[in-house]
Structure formats: structure tokens, C-alpha cells
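Hello,

Here is the structure I promised to pass on to you. Have a look at it first, and then read on for my notes on what turned up.

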Amino acid sequence: MELIQNYISGKYVDPRSNSKLELHEPATGVVYGQLIDSNSEDVQEAVSSAKNAFPSWSALSLVDRSNYLMAIAEEINNQADNFSKFESRDTGKPLSLARSLDIPRAISNFKFFAEHAKDFKFEWDLISDVSINHVSRSPLGVVCCISPWNLPLYLFTWKIAPALVTGNTVVAKPSEVTPYTAYLLGDVCSKVGLPPGVLNIVHGKGSTTGELLVNNKEIKAISFTGGTSTGKLIFKNASDSFKKLSLEMGGKNPAVIFDDCDYDLMLETVVRSSFSNQGQICLCSSRILVQSSIYEKFKSDFCSKVSGLVIGDPMDPMTQFGAISSEQHFLKIKKYIEIAIEEGASVLTGGNVEKLNGRCSKGWYLQPTIIEGLNHSSRLNQEEIFGPVVTLQPFSTELDAVEMANSTDYGLSATIWTKDLDKGQRVSSSIDAGIIWINCWLLRDLRTPFGGMKNSGLGREGGDDALKFFTEQKNICLPK
Ligand code: NAD
């Protein structure tokens with residue numbers, strides 16, 4: 001059985017830890033490999049390797065570092081089919097989605113930061129009547145990137161690329177649920193000749209390897225994406241060593257649908273925004289707020305479209321809706337459907353386990369589920385499920401919609417559907433979320449700040465924000 005090893009100092013290394021985890025293919029429920037649960041010696045080996053590589057990596061010119069990023073992007077592109085296949089195997093997402101979204105975006109992450117960093121202001125002067133100040137930004141040293149299982153390589157590289165291009169060396173930990181494409185990235189780095197120790201990839205559980213990284217005194221910053229409760233714990237644990245933190249966390253995103261929207265575009269997009277990747281995208285709409293005048297029509301059309309989604313083997317090109325990424329998560333989502341029923345909800349469509357035949361007969365499949373009849377303080381409307389379960393709620397006025405949209409502790413994203421752009425802007429400015437899409441969803445310009453408000457995030461990723469996060473400012477002052 002394949003063992004997923006750590007990638008340290010430019011090679012795959014035998015683990016010091018004896019502890020191993022099983023890796024499952026969600027589509028089939030079958031164990032396909034084993035993962036090291038890295039211990040303190042494994043982690044220290046990776047941190048020391050990154051520390052040794054820092055002086056020469058940070059001394060390279062920006063253009064040289066950018067060229068390495070471009071070469072990594074090219075090599076992932078050369079192996080895109082392989083990467084897509086393994087991303088789909090690890091996550092249960094349709095292969096078509098891994099091909100069209102995950103892997104292209106991982107490639108773009110490297111290309112984007114390689115180019116964007118060239119326009120970033122790393123130093124400047126401020127001159128007054130009395131002083132000459134030279135301000136500069138330099139890399140932090142060894143930094144750590146921790147990522148979740150839903151968009152594995154996409155989110156892993158979204159952190160690694162800006163960390164590397166700014167001259168840091170990195171110890172990165174992918175999710176223990178979906179480590180395979182991060183594992184393959186090690187081979188890509190070796191192929192393009194990335195100097196040993198610049199990127200180290202360690203595997204393991206959050207409660208072991210993750211905590212060891214967060215507690216490590218030689219690591220200067222943690223860029224984390226994952227659940228809000230994990231983010232809180234990292235915040236506490238990192239406070240001992242005053243690490244810089246970027247925390248991208250959970251969401252409970254509203255889609256606000258007004259009766260004057262472009263109905264067909266809205267309907268098609270809300271199906272996607274609710275159920276892409278089996279609803280396991282942090283930006284997915286999970287609370288669908290619909291103006292009362294079109295509520296019944298929307299309900300009927302939405303249910304009809306969603307119940308027509310093709311659930312199947314992720315490797316089948318016809319599949320639109322794959323497996324849930326782990327058994328634990330599958331059970332959690334099922335539990336939420338039970339809670340909805342206990343809370344008095346009606347399940348309009350879905351709500352059941354989907355049984356497939358053949359190789360997928362033991363996979364973790366749930367039907368896309370639409371629920372109504374709960375008010376906005378219910379658990380289903382307050383807690384992040386992070387799966388294919390959405391609620392419908394009617395609203396009357398713009399004010400009601402804003403109040404409902406803002407009624408959770410989360411503030412990651414929102415979508416607003418109206419042809420009246422003044423209203424769209426008004427509502428956007430009143431909704432507490434880091435990104436608001438009007439008449440679209442998941443349109444991303446990588447230069448823009450990305451992140452959440454309230455319990456959804458601390459700090460912003462993307463564009464200049466990521467480059468600022470991974471650098472430290474210094475001011476050198478001379479009298480004039
Ligand atoms: P998670 O918090 O369980 O795990 C995320 C990562 O953190 C994993 O690599 C895990 O091993 C590690 N980890 C866990 N405990 C840790 C600890 N104590 N110390 C250090 N590391 C630890 O999240 P998940 O279940 O993998 O992912 C789902 C969550 O991620 C959802 O809440 C989703 O909304 C969120 N998410 C947010 C964004 C965003 O951009 N805001 C994007 C994707 C996913």
C-alpha cells in the first residue's frame with residue numbers, strides 16, 4: 001500500500017513517526033494508502049531544513065524566485081491530467097471539476113504571484129524637512145501554511161506561492177484527509193530544481209502535526225484556512241510566540257434574491273453556488289433568501305433543477321455531483337438533516353443517502369438537499385454545515401433581507417440578485433461579508449483582497465495583502 005511521505009530538503013524522506021493514518025477514496029470508501037502522522041522530530045527536521053535554506057533563497061533576486069514559481073506552474077500544467085485524477089480520487093469531487101477548477105487555479109496561483117510580485121512596492125523613501133526615511137519590506141523567515149480538504153491543491157498553493165515569491169521558506173501541511181496532490185507537488189519542485197529546503201511538505205493530523213507547527217518557535221507566521229473552531233485554537237496556541245496569523249475560516253453565506261433579478265441567470269447560478277463540489281466550498285450559498293413575491297415559483301424551479309443533478313462516480317464525465325469527502329463529514333451532514341427535521345423543517349428535495357452500484361456501492365453519497373420552514377435563529381441557519389444542504393427563507397423588504405443576511409456570526413461571502421444596481425450596491429454596503437457578488441458567483445480577480453469578517457476570518461489573502469502578510473516592514477531614518 002502506498003505510503004505518503006514527507007518532502008523535506010528536496011526529497012521524500014522516511015518518517016521518524018511510527019504513527020500512520022489510512023487514506024480513503026470517498027467515491028468507493030476503499031483505503032488506497034497510508035499517511036504519516038508526523039511527530040516533533042519530523043516537524044523539526046522540516047523546520048530546520050527551511051531555516052537552512054532561508055539565507056540563500058531570500059538573497060535571490062525577485063525575478064529568479066518568480067522564475068521558479070513559473071517553472072512550478074508549467075510542470076503542474078504538464079501533469080494536469082494526473083493532478084486532476086488524484087484530486088478527484090482524494091476528494092470525491094467530479095473529475096471534470098478538478099480539471100476545470102482546482103488544477104487550473106493551482107497553476108494560476110503560481111503564475112499570478114510570480115507576476116504580481118514584480119509590481120509590488122518592496123521599498124520606498126519618505127523625505128521630510130528633518131528626516132530621510134527608507135522603508136523596506138523583507139521576508140519573515142520560515143513560515144507555515146496549513147490548508148483544508150475541500151480545494152486541496154488550490155488552497156495549498158494559494159498560500160505557498162506568495163510566501164515563496166517574497167523570499168520566505170515554507171513548511172506546509174495539507175489536510176490529512178486529502179494530501180495526495182500536495183504530495184505530488186514535492187516531485188514537481190524537485191523536477192524544476194527548486195533549491196532543497198525552500199518548500200517542505202509535512203503530513204499529519206491537525207491535533208499532532210498541526211499543533212507542533214503552530215507551537216514551533218522558529219516559525220514566524222501561520223497562514224491557515226479551515227474551520228472556525230480550529231482557527232480559534234490556532235489563535236490561542238500561536239499567541240505564546242506572537243506569530244503573525246492569517247486565518248480564513250468558515251461561512252454561512254446568504255444568497256439574496258430580489259424579484260427584479262434576471263431570473264434564468266439567477267436560477268442557474270444559485271444551483272451552482274449552492275451545490276458545486278457537493279456544497280463543500282467555503283463560498284457556497286447555504287441560506288437562500290427569496291423575496292416573497294417569487295418565493296413559490298423559485299422553490300418549485302430550484303427543487304426541480306437540483307433534483308435533476310446527476311449524482312455518480314466522480315470519474316464518470318456525466319457526473320455533476322460526486323461523493324462527500326470523508327465518512328466523518330458524511331455523518332456530520334446527515335446529522336444536520338436530522339436536526340432540521342427535529343427543528344420542524346420540511347425537506348423539499350433530497351435528504352437521503354444516495355446508493356450507487358458497482359465500484360461506488362460503499363462510497364459516501366448524499367442527495368443535494370433543500371430545506372424550508374426554519375426561522376433564521378435555527379441551528380440549520382446559524383451553524384456551518386459545509387455540505388449539500390441549503391435552506392430557503394422568504395423575505396419581504398430590503399431591510400428584512402439585510403437583517404436575515406447579517407443574522408449569523410459568520411461573514412465570508414454573499415450573493416445578491418437584482419437588476420437594480422443601486423439596490424445591489426445599497427444592500428452590499430449593509431451586509432457584513434468580505435466578498436459580495438452581485439449577479440454572479442465565484443468570479444475571482446486574484447488581485448482583490450480575499451477573506452471574511454466576524455468569525456469567518458482574520459486578515460486578507462490575495463494580491464498585495466498576501467505579499468504584505470508574508471513580509472515585515474522596517475524603517476531606516478537619517479537626519480536631513
Ligand atoms: P479543519 O479546521 O478541520 O482543518 C484545516 C487544516 O487545519 C487541516 O490541515 C488540519 O489538519 C489542520 N488543523 C486541524 N487542527 C489543527 C490544530 N489544532 N492546529 C493546527 N492545524 C490544525 O478544516 P477542514 O475540515 O479541513 O475544512 C473545512 C473548513 O474549512 C470549513 O469550515 C470551511 O468553511 C473552511 N474553509 C474556509 C475557506 C476560506 O477561504 N475562508 C476555504 C476553504 C475552507
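The second largest pocket takes at least three lining residues from each of the two domains, domain 1 (2–249 + 456–479) and domain 2 (253–445). Please keep in mind that this is a predicted model. The volume of the second largest pocket is about 400 Å³. Its lining is made up of 19 residues, and those closest to the centre are Leu97, Arg272, Phe275, Ser276 and Gln320. Two elements each give two or more residues to this lining, namely α4 (95–116) and α9 (263–275). Which of them gives the largest share of the lining? That is α9, with four residues. Sorted by class, the lining of the second largest pocket holds ten nonpolar, six polar and three charged residues.

Now to the domains themselves. The domain assignment splits the protein chain into domain 1, made of 2–249 and 456–479, and domain 2, which covers 253–445. Between the C-alpha centres of domain 1 and domain 2 the distance is 30 Å. In their contact, 27 residues come from domain 1 and 28 residues from domain 2.

How much area is buried between domain 1 and domain 2? The value is about 2200 Å², and carbon and sulfur atoms give 59% of that area. On the domain 1 side, the residues that lose the most area to domain 2 are Ala27, Trp149 and Ser456, and together they account for 24% of what that side buries.

The interface of domain 1 and domain 2 also has one salt bridge across it. Elsewhere in my notes there is a salt bridge between the side chains of Glu25 and Arg359, with 3.2 Å from N to O. For the model as a whole, the count of salt bridges comes to 20. Another one to look up joins Glu45 and Arg16, whose closest N and O atoms are 3.3 Å apart. This pair links distant parts of the chain, 29 residues apart: Glu45 belongs to helix α1 (residues 40–59), while Arg16 sits in the loop between β3 (11–13) and β4 (20–25).

Finally, the enclosed spaces. How many cavities of 30 Å³ or more are there? The count is three. The largest cavity holds about 100 Å³ of space. Around the largest cavity there are 15 lining residues, and Gly279, Cys284, Ser286, Phe386 and Gly387 are the ones that lie nearest its centre. By class, the lining of the largest cavity has six nonpolar, seven polar and two charged residues.

The second largest cavity has about 70 Å³ of volume. It is lined by 15 residues, with Pro254, Tyr410, Gly411, Ser413 and Asp432 closest to its centre. Here the elements that contribute two or more residues to the lining are β13 (253–257) and β18 (410–411). The lining of the second largest cavity divides into six nonpolar, six polar and three charged residues.

If you would like a place to begin, try the second largest pocket, where both domain 1 and domain 2 take part in the lining, and then turn to the pair Glu25 and Arg359.

Best wishes, and enjoy looking around!

Note on methods:
Residues numbered from 1 in each chain as written. Predicted model: local features only at pLDDT ≥ 70, side-chain atom pairs only at ≥ 80, totals over all residues. Heavy atoms only, no water. 1 Å grid on protein atoms, 1.4 Å probe; cavity = no way out; pocket = protein on both sides within 12 Å on 5 of 7 lines; lining within 4 Å. Points joined across faces, edges and corners; volume = space filled by probe spheres on them. Nonpolar A, V, L, I, M, F, W, Y, C, P; charged D, E, K, R; others polar. Domains from an automatic or database assignment. Contact = heavy atoms within 4.5 Å. Buried area = accessible area lost by both parts, 1.4 Å probe. Salt bridge = Lys/Arg side-chain N within 4 Å of Asp/Glu carboxyl O.
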